[in-house]
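Work through the exercises below with the sequence and the model open. Try each task before reading its solution.

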Amino acid sequence: NGNNSGVTFGSLSERDFYWIGGTGNWSDGSKWSLTSGGSPVGCPPTSADNIYFDENSFDASDQVFTIDIDNAACKNISWASVTNTPKFEYQSKSLRVHGSYELSENMTIQSDRTYFTGTASVTLDSKGQRMNYVYIDGSDVSLSGPLDTSRGGLWTNSGVLTTNNYDINTGGYWYVNVTQNATMTINLGTSSITCTYQHQARGRNVNNGQNNSGYGDLIMNNASATFIFKGNYFRNYAEIPWPRIITNRTDNGDISFDDYGDIGSLIQKGTGKIRLQQTNRENGGPHGNNLSKVDYMEVRNTASFSGNVSFTTLKLLGNGAIYTFGSNYSYSVSDTFIMGQAGSCAITTVKSSSPGSVAYITSSDTVTSTYLDMQDISFSGTGSFAANNSIDNGNNSGVTFGSITERDFYWIGGTGNWSDGS
C-alpha cells in the first residue's frame, strides 16, 4: 500500500469467494468457498478477492452475515443472486471496496460504512437500498442507479463520481473536502442532489480566508444539476457555482448560506428561513468587492441578507414576513423586483440589520407594493419604489409612502392563523 522499505512482497492473487454459511461472520473461513455451494476454503477473503452472495449462501429467511473484523476488504462484491432476504450487518465497521459493489432488492443492509478505495474504474448499484455512509477515496465510481445514503451521508474525498443522471439523497451530510494534493471530480449530469442537514465543499483552488491550502483540487461538473437543500448549513467554501438550488426545509429554522459561489436560481420552498451570509470571495470574487451574484431568487418566508449581492430578479413574496438587509451593504436588482405578495393585507417588514444604519438597494424596475413596514432602507436607481398603505418607520429614502388607514378588525375564524385574511 505504499511507503514501505526493506520488505520483499509477494502479490496477492485474485480469487472468487462465495459465502456458503448462512448466518455467520466475515472472519469464519469455514463459511467461505471458492465455488458456489462448494467446500469450505478455510480462510476469509482479502482485498484482492471478489466475493459473491447467491442462492447457495443462505438456506433460511432473515439470516445475518456480519463484518466482525476491523480490516474487512475486497475487490468486487455482489449480492445480485441472493435469496431468502438476508441481512448484511456491518456493526458500524468499515468495508474497503477496491472494485465494484452491487446490492440486491432481496436483502437489507445495516450500520454500513463503505469506502471505495484505489484508482480503478468501478460501479455502484445499491438497488434501492438505503445505505449509511459512503466514502469515495480514490476510485472512479460510476452509479448504475439512484444512490440513497440518507441514514448517514456521502463523503466525496478524491477520485471521480459520475452519477449518470441518477438522483442522490445524501441524507444529513454531503462533504466534498478534497484530500490534500488529490483531485475530486464530480460529474452530476441532470441529477438532483438532496441534502438534509449540512453541505460542505473545500478545495485548495480557492483562497478566501478559509485556510483551504490543506485540501486538494475540486472539479464540479454541475451545469445541468439541481441541488435540493433541506438542511441548516450550506457551506460552499470552494465557491462552486450552482445553476439551481431549491431549499425545502420543513420547519421554521434557518437555512444558512455561510459561503457560496454564484447561483443561477435560488427558490425557497417549505417553511425554512434563508440567510445569505457575507462571503469572503477569492481576491474579491469574479465581480469584485466580495460581490455575490444570484440571477433569480424567489422567497416566500422571512429571509435575511448580509454582504453585497447582485440580483437579476428578486421576488420577496412573503405574507407577513420580515426581510433584513445588511446595513452598509449594497443590493442591486437589474430586472424584476417584487416586494410583498399581491392581494395580501398582512404587514411585511423590510429593514436593515442595524437600527439607524441604512442598507442600500438599487433597481431599474418600478416597484409598487402594499402593506410594508420599512426602516433604514435607501432605494435608488432608474426605477421607482411606491409603498402604498405602508408604514414609514424612519431613515428611509427613495421610497414614496402612502399612509396606512386605521381600521377596526374582528377575528371570526375560530382556530386559525394571524396571516389568514379570510
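Two strands count as paired if DSSP finds at least two bridges between them. The model used here is predicted.

**Exercise 1. Pairing around strand 38**

Task: Find which strands pair with strand 38, and in which sense.

Solution:
1. Start with strand 35, residues 367-370. Four bridges link strand 35 to strand 38, residues 385-392, and the sense is parallel. Within this pair, Thr 368 has Ala 386 as its bridge partner.
2. Go on to strand 36, residues 372-375. Strand 36 is joined to strand 38 by two bridges, in the parallel sense. Here Asp 373 lies opposite Ile 391 of strand 38.
3. Then take strand 39, residues 399-403. Strand 38 and strand 39 are parallel, with four bridges between them. Ala 387 is matched by Phe 401, its bridge partner in strand 39.
4. Strand 38 therefore meets the requirement of at least two bridges with strand 35, strand 36 and strand 39.

**Exercise 2. An open sheet**

Task: Give the order of the four strands in the open sheet and identify its edge strands.

Solution:
1. The order is 2-5-8-11, and the pairing is parallel.
2. The edges are strand 2 (24-25) and strand 11 (108-110), each of which pairs on one side only.
3. To check one end, look at strand 8, residues 87-89. Strand 8 runs parallel to strand 11, and three bridges join them. Lys 87 stands opposite Thr 108 of strand 11.

**Exercise 3. Cysteines**

Task: State how many disulfides the model has, then decide whether Cys 43 and Cys 195 are buried, partly exposed or exposed.

Solution:
1. A disulfide requires two cysteine sulfur atoms within 2.5 Å. The count is zero.
2. Cys 43 illustrates this: the nearest cysteine sulfur belongs to Cys 74 and is 14 Å away.
3. Buried means under 20% relative accessible area, and exposed means over 50%. Cys 43 has a relative accessibility of 26%, so Cys 43 is partly exposed.
4. Cys 195 has a relative accessibility of 0%, so Cys 195 is buried.

**Exercise 4. Ser 256 and Glu 406**

Task: Describe where Ser 256 and Glu 406 sit, and whether each is buried or exposed.

Solution:
1. Ser 256 belongs to strand 24, residues 254-259. Its relative accessible area is 8%, so Ser 256 is buried.
2. The side chain of Ser 256 makes a polar contact of 2.5 Å with the side chain of Asp 258. Beyond neighbours within four places in sequence, Ser 256 is in contact with Asn 232, Tyr 233, Phe 234, Arg 275 and Gln 277.
3. Glu 406 lies in the segment after strand 39. Its relative accessibility is 76%, so Glu 406 is exposed.
4. From Glu 406 to Cys 43 the separation is 363 residues in sequence and 86 Å in space, C-alpha to C-alpha.

**Exercise 5. Nonpolar cores**

Task: Name the residues that touch the most other members of the largest nonpolar core.

Solution:
1. This core has 87 residues, of which Trp 79, Phe 88 and Tyr 101 touch the most other members.
2. Take Trp 79 as the example. Not counting residues up to four places away in sequence, the residues that Trp 79 touches include Phe 53, Phe 58, Phe 65, Phe 88 and Tyr 101.
3. Another core, of five residues, lies apart from the largest one; among its members are Tyr 115, Tyr 133, Trp 155 and Tyr 175.

Methods. Residues numbered from 1 in each chain as written. Predicted model: local features only at pLDDT ≥ 70, side-chain atom pairs only at ≥ 80, totals over all residues. Heavy atoms only, no water. Buried < 20%, exposed > 50% of the residue type's maximum accessible area, 1.4 Å probe, protein only. Polar contact = N/O pair within 3.5 Å; in protein donor to acceptor, adjacent residues only side chain to side chain. Contact = heavy atoms within 4.5 Å. Core = buried A, V, L, I, M, F, W, Y, C linked by side-chain atoms within 4.5 Å.
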